[in-house]
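Subject: Structure handover

Hi,

Here is the structure for you to look over. My notes on it follow below.

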Amino acid sequence: MKRKKITRMGSGLFAGLMVFLCLAPFVMVIAGGFWKEGTGVSVQAYYDVFLGTPRYLLRFWRSLFLCLTITAGQVVVSVMAGYGFAKCRFPGKDVMFFFLMILMVLPLQVTLVPNYIMLDRMDLLGTDGALIWPGIFVPLGTFIISQSFRAVPDEVIDVAKLDGCGLARILVQVAVPVAKGGIVCAGLLAFLDAWNMVEQPIAYLKNFEQYPISVALAYVSTTEQARQFVCCILVLLPPLFLFSCFHREMVEGIVFGEEK
């Protein structure tokens, strides 16, 4: 009994230490936003970012719209491609899926130059399309959603076909509800990837005003440390909100992927 108590106390202390180490940076950021050199505690930085200076919020909403567009496009493409890999038969499917998995492990830096060349030939450099189109066609979402679609029983799809359902109706009314966890998981990962992108805007965009907030944050004046902290909080809000709302679906999508 004593050994069990010691083990429980040790586990609790270790878990508490891990929680403290994870939360300490966030607490530091929040507290740093209230500190201003020379005047001490102040809410001026929060006022400047959220109310007093519109350029921060304008860039925030523009970046949010850009990321939601990328996420929506990637989910649509991944759902259609994932269903094809999971439930349809066509020549070369296994080979294509193998190459899809290879593309998943390629670092972003490997594809920057080819994407730059293609975007230049398509006359998209310097536009929002230079970020949107490469962000839509990402293999990770297709892989996750295809693994979730494999959980849909083939018998259910066969029954739907006998009832006269077409491919689109089977996809929307049968497969998507079952694979909802994987779709939400892919959508969250797509949003986080788009929200945190740094190399792509620097490489593909020419005007500073077009930079998303993930890049513009680095250009906040270093003499205004409190404002930097508040901008960090502003960047943190969308991922934190989405994860708090859909964390169960994200876990389900990861579990589906591990089971398959």
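One thing up front: this is a predicted model. Among contacts between residues at least 6 apart in sequence, 73% join residues at least 24 apart.

Overall build

The protein has 13 helices and two strands. Its radius of gyration is 23 Å, well over the 18 Å that the globule rule gives for 260 residues, so the protein is more spread out than a compact globule. The C-alpha trace spans about 75 × 70 × 35 Å along its principal axes.

Of the 260 residues, 38% count as buried. The exposed surface comes to about 16,100 Å². Carbon and sulfur atoms supply 69% of that area. On charge, there are 21 positive and 18 negative side chains. The centres of these two sets lie 10 Å apart.

The core

The largest nonpolar core holds 57 residues. Within this core, V79, Y83, F149, I170, W195 and Y204 touch the most other members. Helix α3, residues 54-87, gives the most to the core, with ten residues.

Take V79 as a place to start. Not counting residues up to four places away in sequence, V79 touches I145, F149, L171, V176 and I183.

T142 is worth a look as well. This residue lies in helix α7, residues 139-149. With a relative accessible area of 6%, under the 20% cut-off, T142 is buried. Its contacts, leaving aside neighbours within four places in sequence, are S78, A81, G82, F85 and L100.

Helix α6

How much of α6 is covered? Mostly: six of its eight residues are buried. They are G129, A130, L131, I132, G135 and I136. These buried residues pack against α3, α5 and α11 (199-204).

The loop before α6

D123 is in the loop between α5 (108-121) and α6 (129-136). Its phi is positive, about 60°, although D123 is not a glycine. Most residues other than glycine have a negative phi. Is D123 buried or exposed? D123 counts as exposed, because its relative accessibility is 64% and the exposed class begins over 50%.

Pairs across the sequence

Now R227, in helix α13, residues 225-259. Which residues does R227 contact, leaving aside its neighbours within four places in sequence? They are A45, D48, V49, R55, Y56 and V220. R227 and D48 are 179 residues apart in sequence. In space they are 7.8 Å apart, C-alpha to C-alpha. R227 has 15% relative accessibility, so this residue counts as buried.

N196 gives a second pair. This residue lies in the loop between α10 (180-195) and α11. N196 and S214 are 18 residues apart in sequence. Their C-alpha atoms are 5.8 Å apart in space. At 49% relative accessibility, N196 counts as partly exposed.

Where to look when you open the file

- Core: V79, with F149 and I145 among its contacts.
- Helix α7: T142, buried at 6%.
- Loop between α5 and α6: D123, with its positive phi of about 60°.
- Helix α13: R227, 7.8 Å from D48, C-alpha to C-alpha.
- Loop between α10 and α11: N196, 5.8 Å from S214, C-alpha to C-alpha.

Best wishes

Notes
Residues are numbered from 1 along each chain as its sequence is written. This is a predicted model: local features need pLDDT of at least 70, side-chain atom pairs count only at pLDDT 80 or more; totals for chains, interfaces and linings use all residues. Side-chain values use heavy atoms; hydrogens and water are left out. Helices (H or I, at least four residues) and strands (E, at least two) are DSSP runs, numbered from the N terminus. The radius of gyration is taken over C-alpha atoms; the globule rule is 2.2 Å times the number of residues to the power 0.38. Buried means under 20% relative accessible area, exposed over 50%, partly exposed in between (1.4 Å probe, protein chains only). Contact means heavy atoms within 4.5 Å. Accessible areas come from the Shrake-Rupley method with a 1.4 Å probe; for residues, only the protein chains shown count as cover. Lys and Arg count as positive and Asp and Glu as negative; His and the chain ends are not counted. The place of a charge is taken as NZ of Lys, CZ of Arg, CG of Asp or CD of Glu. A nonpolar core is a set of buried Ala, Val, Leu, Ile, Met, Phe, Trp, Tyr and Cys residues joined through side-chain atoms within 4.5 Å.
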